[in-house]
Amino acid sequence: MQQGVVTSARLLGLEVIAEGVETAEHAAMLAHLQCHRLQGYAIAWPMAPEAIPDWIKQYKPLFRQDNSTPPPPHGLNFRS
């Protein structure tokens with residue numbers, strides 16, 4: 001289902017933001033589908049507004065945002 005939504009949105013020229021991403025494996029699967037905007041516990045837990053500047057300073061993205069796409073997570077097979 002996720003692949004269909006991401007593909008359809010890309011064909012329509014829409015940006016896709018995946019919400020509820022809770023694990024690095026889920027993030028890797030979405031990145032493989034070329035969904036590069038993620039939100040969820042895999043990125044950060046809810047925090048007080050005053051904690052955001054320190055979080056930004058220490059944040060390390062799960063994946064680079066260049067043209068590379070990480071391989072699919074172990075055990076998941078995607079059809080091209």
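## Exercises on a predicted model

At 70% relative accessibility, K57 counts as exposed. Keep in mind that this is a predicted model. Let's work through it together.

**Exercise 1.** Find the residue whose side chain meets that of K57 in a salt bridge, and say how the two are placed in the chain.

*Solution.* Step one: the partner is D54, with N and O 4.0 Å apart. Step two: D54 counts as exposed too, at 52% relative accessibility, because the cut-off for exposed is over 50%. Step three: both residues sit in helix α3 (residues 52–58), 3 residues apart, so about one helical turn separates them.

**Exercise 2.** The count of salt bridges comes to 2. Work out which parts of the chain the salt bridge of R37 ties together.

*Solution.* Begin with the partner: R37 pairs with E15, and their closest N and O atoms are 2.7 Å apart. Next, place them: R37 belongs to strand β2, while E15 is in the loop between α1 and β1 (17–19), so the bridge ties together parts 22 residues apart in sequence. Last, check accessibility: R37 is partly exposed at 37%, whereas E15 is exposed at 55%.

**Exercise 3.** Describe the largest nonpolar core and the contacts of C35.

*Solution.* First, list the members: V6, A9, V16, A18, V21, A27, M29, L30, L33 and C35, 10 residues in total. Then look at where they come from: α1 (2–11) and α2 are the elements giving two or more residues, and α2 provides the largest share, 3 residues. Finally, leaving out residues up to four places away in sequence, C35 touches V6, V16, A18 and L30.

Terms used
Residues numbered from 1 in each chain as written. Predicted model: local features only at pLDDT ≥ 70, side-chain atom pairs only at ≥ 80, totals over all residues. Heavy atoms only, no water. Core = buried A, V, L, I, M, F, W, Y, C linked by side-chain atoms within 4.5 Å. Buried < 20%, exposed > 50% of the residue type's maximum accessible area, 1.4 Å probe, protein only. Helix = DSSP H or I, 4+ residues; strand = E, 2+ residues; numbered from the N terminus. Contact = heavy atoms within 4.5 Å.
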